[in-house]
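Me: Could you take a close look at the backbone of this protein for me? I would like to hear about any unusual spots in the loops and how they sit in the overall fold.

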Amino acid sequence: MIRNQTIVITGASSGIGRSLLEMLSAKENGNRIIAASRGIGKLTGFGENVILFPCDLSTEDGVDALFQKAEETFEKIDILICNAGAPYYERYDYEDWSRIERIFSLNTFSCMYSYSKYLNHLNGREGRLVFTISAMGEMALPGYALYASTKFAMKGFQQAIRIESPDSLKITCVYPVSTKTNFFEVGGAGHKVEQPFPVQTAEAVAKAIVRGVEKGRKQIYPCPVSLASGVLMNVLPPVRYFYLKSQHRMLLRFLERKKNAEKGA
Ligand SMILES: NC(=O)c1ccc[n+]([C@@H]2O[C@H](COP(=O)([O-])OP(=O)(O)OC[C@H]3O[C@@H](n4cnc5c(N)ncnc54)[C@H](OP(=O)(O)O)[C@@H]3O)[C@@H](O)[C@H]2O)c1
């Protein structure tokens, strides 16, 4: 278990971030935590070792405010977990610059900017940065063109900064598969989204993150079959083809449901 650390967790109000918050904040671990998200103030039941800090991390001001709070509270942030993120589930067939900008602001720009801020904050001291990327940062699925692009960008970003950054900064990237959280509700914006297979729980992902960070892992694949299935899809292209076809059918069903609901409204 991670003990006696100062930790900042973003996207801690639900899903993977919330599970991490619950595990890491247990009193016996001695961690002090700042937990951030827009709606984090609604959480209750945490001890004095947890500060709930509401902010919009899709903006520069929001990230600045979080770092200011962390620097006022902790002499040093031992672990920064950039986990906040959100999808769109849709057919990408429209012109809308600001919609593209919105998803990149949260999933990508915010994480890249947080990296720079963390590096400056550490100023040569030791630290650990965790990015929740996604299995979709390695293989995009139909319906997630923009979302997967934000995560592919993070995958590229971490490859370069890993080499550029000082040895005192350790970087861990997490690639969860489909996880039971609010993610799909957010993506479907009120319309039911079928989850791609395989599906994990947020607790299982959070446990894998904690274990991976303890062991100093650079990459964490919380689903035991995800690496093997990635290899299988690369060596057997028909498997990949049929998997993607099934995901496309899911998208078509979603679009049909949405159209019917909108007609009925
Ligand atoms: N679920 C999956 O299948 C899956 C798979 C792979 C990777 N991931 C990644 O895992 C991470 C966590 O997602 P999750 O599955 O746990 O989904 P979730 O339950 O929807 O949690 C997302 C978190 O991000 C926060 N957030 C959203 N917009 C924000 C903003 N503008 N500013 C600050 N916080 C914001 C949300 O809180 P507020 O609404 O209170 O702001 C929430 O705490 C994301 O980066 C996601 O891309 C998820």
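Reply: Happy to help; here is a walk through the backbone, starting with the setting. Please keep in mind that this is a predicted model.

The protein has eight helices and nine strands. Its C-alpha trace spans about 55 × 45 × 35 Å along the principal axes. A compact globule of 265 residues would have a radius of gyration near 18 Å, and the 19 Å of this protein agrees with that. Buried residues account for 35% of the 265. Of the contacts between residues at least 6 apart in sequence, 68% join residues at least 24 apart.

Now to the loops. The peptide bond from Phe197 to Pro198 is cis, with omega near -5°. Pro198 belongs to the loop that runs between helix 5 (183–188) and strand 8 (199–201).

Two asparagines also deserve your attention. Asn4 is not a glycine, yet its phi is positive, about 55°. You will find Asn4 in the segment before strand 1 (6–10). Is Asn4 buried or exposed? A residue counts as exposed with 12 or fewer other C-beta atoms within 10 Å; Asn4 has 9 such neighbours, so it is exposed.

Asn123 has a positive phi too, near 45°, and is likewise a residue other than glycine. Asn123 sits in the loop between helix 3 (97–122) and strand 5 (127–132). With 10 C-beta neighbours inside 10 Å, Asn123 counts as exposed.

Conventions
Residues numbered from 1 in each chain as written. Predicted model: local features only at pLDDT ≥ 70, side-chain atom pairs only at ≥ 80, totals over all residues. Helix = DSSP H or I, 4+ residues; strand = E, 2+ residues; numbered from the N terminus. Rg over C-alpha atoms; globule rule 2.2 N^0.38 Å. Buried ≥ 20, exposed ≤ 12 C-beta atoms within 10 Å, placed from the backbone. Contact = placed C-beta atoms within 7 Å.
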